[in-house]
Protein chains: 4
Amino acid sequence: MSLFSVDFKVRDYELDMQGIVNNSVYFNYLEHARHEFLLAKGVDFAALARDKVNLVVVRSEMDYKASLTSGDNFQVTVQFEQISKLKFGFRQQVIRSADQKLMLDALVIGAAINAQGRPFVPDLLALLGQ
Amino acid sequence: MSLFSVDFKVRDYELDMQGIVNNSVYFNYLEHARHEFLLAKGVDFAALARDKVNLVVVRSEMDYKASLTSGDNFQVTVQFEQISKLKFGFRQQVIRSADQKLMLDALVIGAAINAQGRPFVPDLLALLGQ
Amino acid sequence: MSLFSVDFKVRDYELDMQGIVNNSVYFNYLEHARHEFLLAKGVDFAALARDKVNLVVVRSEMDYKASLTSGDNFQVTVQFEQISKLKFGFRQQVIRSADQKLMLDALVIGAAINAQGRPFVPDLLALLGQ
Amino acid sequence: MSLFSVDFKVRDYELDMQGIVNNSVYFNYLEHARHEFLLAKGVDFAALARDKVNLVVVRSEMDYKASLTSGDNFQVTVQFEQISKLKFGFRQQVIRSADQKLMLDALVIGAAINAQGRPFVPDLLALLGQ
């Protein structure tokens with residue numbers, strides 16, 4: 001089964017003075033891919049935020065393997081897993097398109113609270129069909 | 001002995017649609033604090049980059065404890081440690097000034113290569129006086 | 001009478017591959033200085049946004065005179081002026097601290113609508129004491 | 001003749017607390033579209049920067065007509081024009097895909113200097129075939 005992934009191309013404003021994509025920008029890539037993943041499952045992050053259901057990151061682990069640079073095309077994959085009753089995780093990779101090289105390996109762990117202060121994870125899991 | 005730290009204030013453009021500082025922005029905060037730490041030790045990241053000595057992050061672990069929001073003042077601390085012959089680490093915390101609440105706890109691990117392709121870590125350690 | 005101004009220092013993540021502050025970042029600097037100006041006058045942009053009073057930029061003119069780079073300290077000034085019944089303006093400059101050199105000259109024009117869809121400019125002017 | 005344009009989709013990290021794309025982000029969109037335009041003409045901004053030929057923005061005028069928000073698809077157009085012997089301009093528009101609504105109208109004026117300190121504009125014009 002193929003993983004969910006989103007196609008990207010490096011934009012020059014994402015490069016820092018070293019001429020490589022700045023470390024913080026990978027967070028942006030991962031977040032956008034997660035939101036697209038959720039959207040594909042019918043979970044609209046923006047609509048949830050407007051309804052005061054806030055999905056938040058509680059931990060991230062990122063292994064930087066190599067650096068993206070100007071003109072690179074790449075994919076960001078998303079793999080969902082339940083971590084606990086209250087937490088969910090996303091295993092994510094950044095893969096350079098030209099040679100399928102793994103550039104970044106990440107685990108992002110999130111939690112969610114709805115407007116009434118109740119954990120939203122069961123609803124999220126139901127929506128994700130797991 | 002007091003830790004090295006840099007004072008910050010949240011800027012509204014750093015907030016996302018949830019009205020809190022976006023997760024990726026903490027990476028910016030940590031990086032700026034690390035560069036200020038290095039500068040205070042006589043290590044100029046920008047000058048090194050111009051000399052093709054690239055300090056790069058190879059791994060980050062971040063635990064998000066609570067969210068900064070508009071108007072918050074906070075400090076970012078930096079604690080250096082040698083990880084191995086080739087790697088160095090920074091333990092960093094984001095602490096809200098109003099109540100000294102720990103907002104983020106991080107470990108950022110780096111490596112460095114000089115223009116001749118030799119590890120730069122021994123030089124870095126010498127410069128940092130350790 | 002001295003102008004309102006906010007002190008900044010360039011952060012390395014704001015530099016692009018040319019080793020200078022990326023053009024888009026000046027917009028961030030100007031916005032933060034405007035919000036600090038408003039706050040000093042008792043107008044809290046974030047609180048207004050939560051109350052659905054949205055201050056929005058409708059036009060910007062920016063003249064880039066010279067480029068900030070790593071380590072530069074600078075000030076961003078803010079001068080308010082009424083443009084029309086429905087619009088207000090901010091004349092803003094970015095001035096490098098070391099030599100008082102003008103780096104950027106800008107005019108940012110805004111409008112505001114409150115939650116009931118009425119123009120908020122009269123209220124804003126009253127708050128700004130003009 | 002159709003204009004050069006680049007397709008984009010709003011990413012949630014680009015939204016600010018008002019739930020709309022932050023003003024500074026449009027600069028990023030415009031820059032990326034300009035670099036793609038140049039690349040399509042055989043002018044590689046990143047390669048030029050490495051060769052110390054710096055293309056810099058000297059003035060921008062931006063009229064914000066309406067706000068992009070989460071999920072919006074849009075196009076950024078690029079139209080090149082010579083302004084003077086030393087300056088070139090880009091007329092750019094941001095157009096929402098769903099209804100072809102004009103969201104932003106911009107004029108970005110640039111200059112260029114090569115490594116020897118000579119103006120690069122004639123070379124740029126030759127490359128652009130004008």
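Two strands pair if DSSP finds at least two bridges between them. With that rule in hand, we can look at a sheet of ten strands, shared by chains C and D in this predicted model. Strands (E, at least two residues) and helices (H or I, at least four) are DSSP runs, numbered from the N terminus.

A word on conventions: residues are numbered from 1 along each chain as its sequence is written, while chains are lettered from A and ligands numbered from 1 in the order in which they are written. Because the model is predicted, local features need pLDDT of at least 70 and side-chain atom pairs count only at pLDDT 80 or more, while totals for chains, interfaces and linings use all residues.

**The sheet across chains C and D**
- The open sheet follows the order β1(C)-β3(C)-β4(C)-β5(C)-β2(C)-β2(D)-β5(D)-β4(D)-β3(D)-β1(D), with antiparallel pairing.
- At the edges sit β1 (4-9) of chain C and β1 (4-9) of chain D, each of which pairs on one side only.
- On average, neighbouring strands of this sheet are turned by 25° against each other, direction ignored; the axes behind such angles are lines fitted to C-alpha atoms, for helices over the stretch in contact, and angles run from 0 to 180 degrees between N-to-C directions.

**A closer look at strands in chain C**
- Strands β3 (residues 73-82) and β4 (residues 87-96) of chain C run antiparallel and are joined by nine bridges.
- Follow this pair along and you find C:Phe74 with C:Arg96 as its bridge partner, and C:Gln82 opposite C:Phe88.
- These two strands, β3(C) and β4(C), make a hairpin with four residues between them.
- β4(C) also pairs with β5 (residues 102-113) of chain C, in the antiparallel sense and over nine bridges; here C:Ile95 has C:Leu102 as its partner.
- The hairpin of β4(C) and β5(C) has five residues between the strands, and in it C:Gln100 takes a positive phi near 60°.

**Strands in chain B**
- Six bridges connect β1 (residues 4-9) of chain B with β3 (residues 73-82) of chain B, and the two run antiparallel; B:Val6 is opposite B:Val76.
- β3(B) is joined to β4 (residues 87-96) of chain B by nine bridges, again antiparallel, with B:Thr77 opposite B:Gln93.
- A hairpin with four residues links β3(B) to β4(B).

**Helix α1 of chain A**
- Helix α1 (residues 23-40) of chain A has 18 residues and reaches 27 Å from its first C-alpha to its last, close to the 26 Å expected (1.5 Å times one less than its number of residues).
- Of the 18 residues in α1(A), 15 are buried, a word used when 20 or more other C-beta atoms, placed from the backbone, lie within 10 Å of a residue's own.
- After α1(A) comes A:Gly42, whose phi is positive, near 90°.

**How chains A and B are related**
- Chain A superposes on chain B by a rotation of 180° with 0.0 Å of shift along the axis (RMSD 0.0 Å), with the fit made by least squares on the C-alpha atoms of residues with pLDDT of at least 70 in both copies.
- That is the relation of a two-fold axis.
- A:Glu61 has the C-alpha nearest the axis in chain A, 2.3 Å from it.

**Where chain B touches chain C**
- Eleven residues from chain B and eleven residues from chain C take part; two residues are in contact if their C-beta atoms, placed from the backbone, lie within 7 Å.
- On the chain B side, α1 (23-40) and α2 (45-50) are the elements that give two or more residues, and α1(B) gives the most, with four residues.

Terms used: A residue is buried if 20 or more other C-beta atoms lie within 10 Å of its own, exposed if 12 or fewer, and partly exposed in between; C-beta atoms are placed from the backbone.
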